Every structure is written in C-alpha cells, then in structure tokens.
Amino acid sequence: MRAAQRIVVEGVEGLQHGQARTFVFEDGGYEGRGFVMMLREPDGETLVAYRNRCAHVSFDLDMGTGEFFSAKLGRIYCRTHGAAYEPHSGVCDRGPCVGKALEKLEVERQGRDAVVSIPALGQAGALGQAGASGPAAEAGGPSGEAGGA
Ligand code: FES
C-alpha cells in the first residue's frame with residue numbers, strides 16, 4: 001500500500017522552457033518515476049508534474065534521458081512510439097494514444113524548489129496501479145509556477 005507522499009524536487013528555478021527534473025517515489029513496494037517540467041510562456045511560468053509513464057504502453061517517456069519535451073512540436077513526447085502530449089493538460093493529441101492522458105500530479109513552487117504531492121493508493125485521483133520499481137526519493141528539477149531567470 002502506498003501512503004501519500006510529498007517529494008521535494010530541488011532547483012527548478014533555473015529551468016528553461018520544456019526542461020524537466022525527474023524524481024522517484026515509493027509506489028506500493030515499487031519505484032514510481034515522475035518529472036517536473038517548467039513551461040515558460042509569454043503569459044508567465046507554470047510548473048507541471050507527471051508520472052513518467054506513457055499512456056500508450058507503460059514505458060518511461062524519456063527512456064532514461066531526462067528529456068521529455070520537443071520544442072519542434074511544443075509537446076511532451078514519448079521516445080518509444082512518438083506519442084505527443086499537450087504540456088499543460090497532459091492529453092495526447094498525436095500518436096498512438098490520442099485522447100488518453102499522462103497521469104498528472106499536483107506540484108507547487110516552494111522557493112527555488114518544487115514540491116510534488118503523490119496521492120495514497122486508493123485515494124481519489126490516485127495514480128495508476130503497479131509501477132516500475134523502487135523506493136521514494138527526491139530529485140532536482142523544475143517546479144511550481146512563476147519563476148525567474
Ligand atoms: S510507449 Fe509511448 S508511444 Fe508507445
């Protein structure tokens with residue numbers, strides 16, 4: 001059983017548009033993986049966080065590279081079969097899983113860092129079942145909203 005967790009992702013302040021930081025969390029005896037991404041747009045900055053798992057097949061989106069964003073597409077994308085996800089909503093609008101969405105996580109900015117909330121298993125909005133592997137942890141990455149350079 002997974003308890004609710006708050007994961008600190010350090011140093012998101014300096015991330016550029018589309019840059020991400022990865023993190024891991026405890027997922028019922030397995031290691032869940034996620035990422036926080038900075039979106040810098042004319043109307044402001046936004047941090048988004050998602051589980052690192054494609055909506056098509058349960059593979060990591062980045063294949064371990066830490067890169068999730070295609071500037072050419074303006075989309076989060078999957079390196080396996082090319083699914084592309086609108087970065088604010090996480091909804092796939094191109095590729096093999098159009099209409100499905102990434103599992104979105106709550107994230108807030110806390111100074112230079114981000115704090116991601118992982119719901120407990122069984123909670124409304126909880127992440128999908130089985131995950132990858134491993135214990136919870138922290139990472140560094142982009143966070144929250146607004147930011148500066
Ligand atoms: S596993 Fe991601 S597009 Fe197929």
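**An all-strand chain and its nonpolar core**

The protein chain contains eleven strands and zero helices. The model is a predicted one. Read from the N terminus, the order of elements is β-β-β-β-β-β-β-β-β-β-β. The protein chain has 149 residues, and 41% of them count as buried. Contacts often link distant parts of the sequence. Among contacts in the protein chain with a separation of 6 or more, 61% are between residues 24 or more positions apart.

Strand pairing was examined next. Strands of a sheet pair through backbone hydrogen bonds, in either a parallel or an antiparallel sense. Strand β2 covers residues 20-27, and strand β3 covers residues 30-41. These two strands run antiparallel and are joined by eight bridges. One of the partnerships sets A20 against M37 in β3. β2 and β3 form a hairpin, with two residues between them. G28 lies in this turn and has a positive phi of about 65°.

β3 also pairs with strand β4, which spans residues 44-51. The pairing is antiparallel and extends over eight bridges. Within it, R40 stands opposite E45 in β4. A hairpin of two residues joins β3 to β4. β3 is thus paired with β2 and with β4.

Further along the chain, four strands form an open sheet. Their order is β5-β6-β7-β8, and the pairing is antiparallel. β5 (69-70) and β8 (92-94) stand at the edges. Each has a single partner strand, so one side of each is left without a neighbour in the sheet. The partner strand β6 comprises residues 75-77, and two bridges join β5 to it in an antiparallel arrangement. S70 has R75 in β6 as its bridge partner.

The nonpolar interior was considered last. In soluble globular proteins, nonpolar side chains tend to be buried together. The largest nonpolar core has 36 residues. The members that touch the most other members are V36, M37, A49, V107 and V116. Several strands each supply at least two residues of this core: β1 (5-10), β2, β3, β4, β6, β9 (104-110) and β10 (113-118). β3 gives the most, with five residues. M37 therefore appears in two settings: M37 is the bridge partner of A20, and M37 is among the core members with the most contacts to other members. β6 likewise has two roles, as it is joined to β5 by two bridges and supplies at least two residues of the core.

Note on methods
Residues are numbered from 1 along each chain as its sequence is written. This is a predicted model: local features need pLDDT of at least 70, side-chain atom pairs count only at pLDDT 80 or more; totals for chains, interfaces and linings use all residues. Two strands pair if DSSP finds at least two bridges between them. A nonpolar core is a set of buried Ala, Val, Leu, Ile, Met, Phe, Trp, Tyr and Cys residues joined through C-beta atoms within 7 Å. A residue is buried if 20 or more other C-beta atoms lie within 10 Å of its own, exposed if 12 or fewer, and partly exposed in between; C-beta atoms are placed from the backbone. Two residues are in contact if their C-beta atoms, placed from the backbone, lie within 7 Å.
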